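Trainee: Could you take me closely through one short part of this model, and then show me how its surroundings are built?

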Amino acid sequence: MPSQESSSLSILLLDPRRHRWHRYLQSIGETPGIALIGSARDLTEAYNLTEHEHPDLVLIAEEVTRLGNFPMYAAMLAALEVDCILIAAGLRPASGPYASITDVDVDRAGGLGPYLGTRFGLRRQPVKPCPGAHISDGWKTVVIGASTGGVEALIQVLSAYPKSCPPTLIVQHISGTYLPGLAQRLDRHCAAQVRPAAASDSLEPGLVLMAPGNDRHLSIVPPGRRCRLVPGAPVSGHRPSVDALFHSAATLGPAAVGVLLTGMGRDGAEGLAAIRRAGGWTIGQDEASSTVYGMPRAAFEMGAVAQQLPISRIGPALLSAAAQSTERSRHG
């Protein structure tokens, strides 16, 4: 477990209570020094993520400990020297050998992220990009979210890309069956390479990665050199979720550029706000050029959009933002 002087904490969330997920994930994503390496609904998902990612801490809903196969998972945590904290649903901490907090403790602290930040003495200043977060060739990392009408919007944006473009990750709400064909279509319109992401792909200039299928979330692994495909419940009603990708990009601080395109609903709005608060640059598609002005409207109305543009101008604008020095303030 990191000491009180530690500046980073990697955590895994194991909680089947889906109604709490959004609050937890949003709070964690907005807290400097905390990296969410995954979220699991059951012990099988948690076992696999713990084995492969080796978090510092696992947060476990109290009811999970009453499952018959929990002792096996507990033995694994002990063997790997991974600590855990139980989240009790009631007003009293859970009994037993593990540290425990209640939902009341979490709410009183202002969220799970602030609670952990205070408990483990994590730094509170805005996140600065870690070595390697500002990838080679001077590019920042670009994350793009889209839904209804997004295919044509993405074609316009990626048509502006040079062969050596900023490392880019995309979540497009689409059936996983059609994703490979969409990636091929976008690749034909883009000078850089466009393809579905694979687990632990490196983020490199000239490469555009798309969230594959509908069974995992696409996210960035701090300090930003590779991506991860994370199993878990839908976030903001979707899997893969734009919010899940954007919250992970917020850990890059000023080395991230977030772009939210046309789409129904509000997936991506909270994540875009997290990117902006962390010092990254944010762009939203305007109403006139959107097929459905839902997702970008939600982001704009909550102050998450630093620059609202018609789709024809977004490609050049994001390239300009991704090429600028991370030392420059993006909020002036």
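Mentor: Let us begin with helix α8 (residues 242–249), which is mostly covered, with seven of its eight residues buried. Helices here are DSSP runs of H or I with at least four residues, strands are runs of E with at least two, and both are numbered from the N terminus. Buried means under 20% relative accessible area, exposed over 50%, and partly exposed in between, with a 1.4 Å probe and protein chains only. This is a predicted model, in which local features need pLDDT of at least 70 and side-chain atom pairs count only at pLDDT 80 or more, while totals for chains, interfaces and linings use all residues. Residues are numbered from 1 along each chain as its sequence is written, and side-chain values use heavy atoms, with hydrogens and water left out.

The buried residues of α8 are V242, D243, L245, F246, H247, S248 and A249. At the N-terminal end of α8, S241 acts as the cap, with a side-chain oxygen 3.1 Å from the backbone nitrogen of D243; the cut-off for such a polar contact is a pair of N or O atoms within 3.5 Å, where one must be able to donate a hydrogen and the other to accept it, and residues adjacent in sequence count only if both atoms are side-chain atoms.

Two residues of α8, L245 and F246, are in contact with I144, whose partners beyond four places in sequence also include L154, Y161, V259, L261 and L318; contact means heavy atoms within 4.5 Å. I144 itself is among the residues with the most contacts inside the largest nonpolar core, which has 35 residues. Such a core is a set of buried Ala, Val, Leu, Ile, Met, Phe, Trp, Tyr and Cys residues joined through side-chain atoms within 4.5 Å. Among the elements that give two or more residues to this core are β6 (141–146), α6 (150–159) and β12 (256–260), although the largest share, seven residues, comes from α11. A second, separate core of 32 residues includes I220, A250, A256 and A269. In soluble globular proteins, nonpolar side chains tend to be buried together.

For the wider setting, 55% of the 332 residues of the protein chain count as buried, and its secondary structure comes to 11 helices and 14 strands. Residues 24 or more positions apart account for 71% of the chain's contacts with a separation of 6 or more.
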